[in-house]
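Okay, thanks everyone, I'll keep this short. Have a look at the structure on the screen and we'll walk through it together.

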Amino acid sequence: MFEYRIKRKLEELGFTVFRSAGSKPIDLIAFSPNGNVYLVECKLRGYASRQQKEKERELANRINATYLLITSKNQSEVFRDLKRREGIS
């Protein structure tokens with residue numbers, strides 16, 4: 001499954017990652033080595049609706065986390081930005 005691959009990649013970068021049962025309300029919760037929290041939605045095919053993204057961003061904001069939407073098409077860019085944000089080489 002795509003979300004397991006994303007989970008593994010995050011763990012390889014030193015993140016502690018939990019997968020939500022039934023992917024509700026989000027697929028993954030990731031804690032960076034720097035203490036930052038990320039709520040991660042994984043989409044191999046398809047997309048997240050505007051309503052879904054807004055709901056998940058709102059949840060992330062409520063808990064002072066960062067929302068990440070990772071797709072098969074944007075994963076390289078997201079991981080590059082994440083590494084830069086976290087100071088990971």
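Let me start with a question: which residue forms a salt bridge with arginine 84? It's aspartate 81, and the closest N and O atoms are 2.6 Å apart. Both residues sit in helix α3, 3 residues from each other, which is about one turn of the helix. Arginine 84 is exposed, at 60% relative accessible area, while aspartate 81 is partly exposed, at 25%.

Before we go on, a word on confidence. This is a predicted model. The average pLDDT for the protein is 93, and 99% of the residues score at least 70. If you go element by element, helix α2, residues 50–62, has the lowest mean at 92, and β2 has the highest at 97.

Now, the sheet. There are 4 strands in an open sheet, and the order is β1-β2-β3-β4, with mixed pairing. On the edges you have β1, residues 16–19, and β4, residues 66–71, each of them pairing on one side only. From one strand to the next, the twist averages 25°. If you zoom in on β1 and β2, where β2 is residues 28–31, they run antiparallel to each other and share 4 bridges. You can find threonine 16 there, standing opposite phenylalanine 31 in β2. Then helix α3, residues 75–86, packs on the sheet and touches β3 and β4, and its direction is about 150° from that of β4.

So what's inside? The largest nonpolar core has 16 residues, and the ones with the most contacts inside it are Ile6, Leu10, Phe15, Val40 and Ile70. Helix α1, β2, β3, β4 and α3 each put in at least two residues. Apart from that core there's another one, of 6 residues, including Ile26, Val37, Ala65 and Tyr67.

Pick phenylalanine 15 if you want one residue to click on. Leaving out residues up to four places away in sequence, phenylalanine 15 touches, among others, Leu10, Ala30, Phe31, Tyr38, Leu82 and Ile88. There are polar partners on that list too, including Ser32 and Glu86.

Another one to click on is glutamine 75, in helix α3. Is glutamine 75 buried or exposed? Buried, with a relative accessible area of 17%, where the cut-off for buried is under 20%. Again leaving out residues up to four places away in sequence, glutamine 75 touches Phe2, Ile6, Lys9 and Ile70.

Back to charges. How many salt bridges does the structure hold? There are 4, and besides the one in α3 I'll show you a couple of others. Glutamate 3 and arginine 19 meet through their side chains, 2.4 Å from N to O. Glutamate 3 is in helix α1 and arginine 19 is in strand β1, so this pair ties together parts that are 16 residues apart in sequence. Glutamate 3 is buried, at 8% relative accessible area, whereas arginine 19 is partly exposed, at 33%.

Then there's lysine 43 with glutamate 41, where the closest N and O atoms are 3.7 Å apart. Both lysine 43 and glutamate 41 are buried. As a general reminder, side chains of opposite charge can pair when their charged atoms come close.

That's the tour, happy to rotate the model for anyone who wants another look.

Technical notes:
Residues are numbered from 1 along each chain as its sequence is written. This is a predicted model: local features need pLDDT of at least 70, side-chain atom pairs count only at pLDDT 80 or more; totals for chains, interfaces and linings use all residues. Side-chain values use heavy atoms; hydrogens and water are left out. Two strands pair if DSSP finds at least two bridges between them. Axes are lines fitted to C-alpha atoms, for helices over the stretch in contact, and angles run from 0 to 180 degrees between N-to-C directions. Contact means heavy atoms within 4.5 Å. pLDDT is the predictor's confidence in each residue, from 0 to 100. A nonpolar core is a set of buried Ala, Val, Leu, Ile, Met, Phe, Trp, Tyr and Cys residues joined through side-chain atoms within 4.5 Å. Buried means under 20% relative accessible area, exposed over 50%, partly exposed in between (1.4 Å probe, protein chains only).
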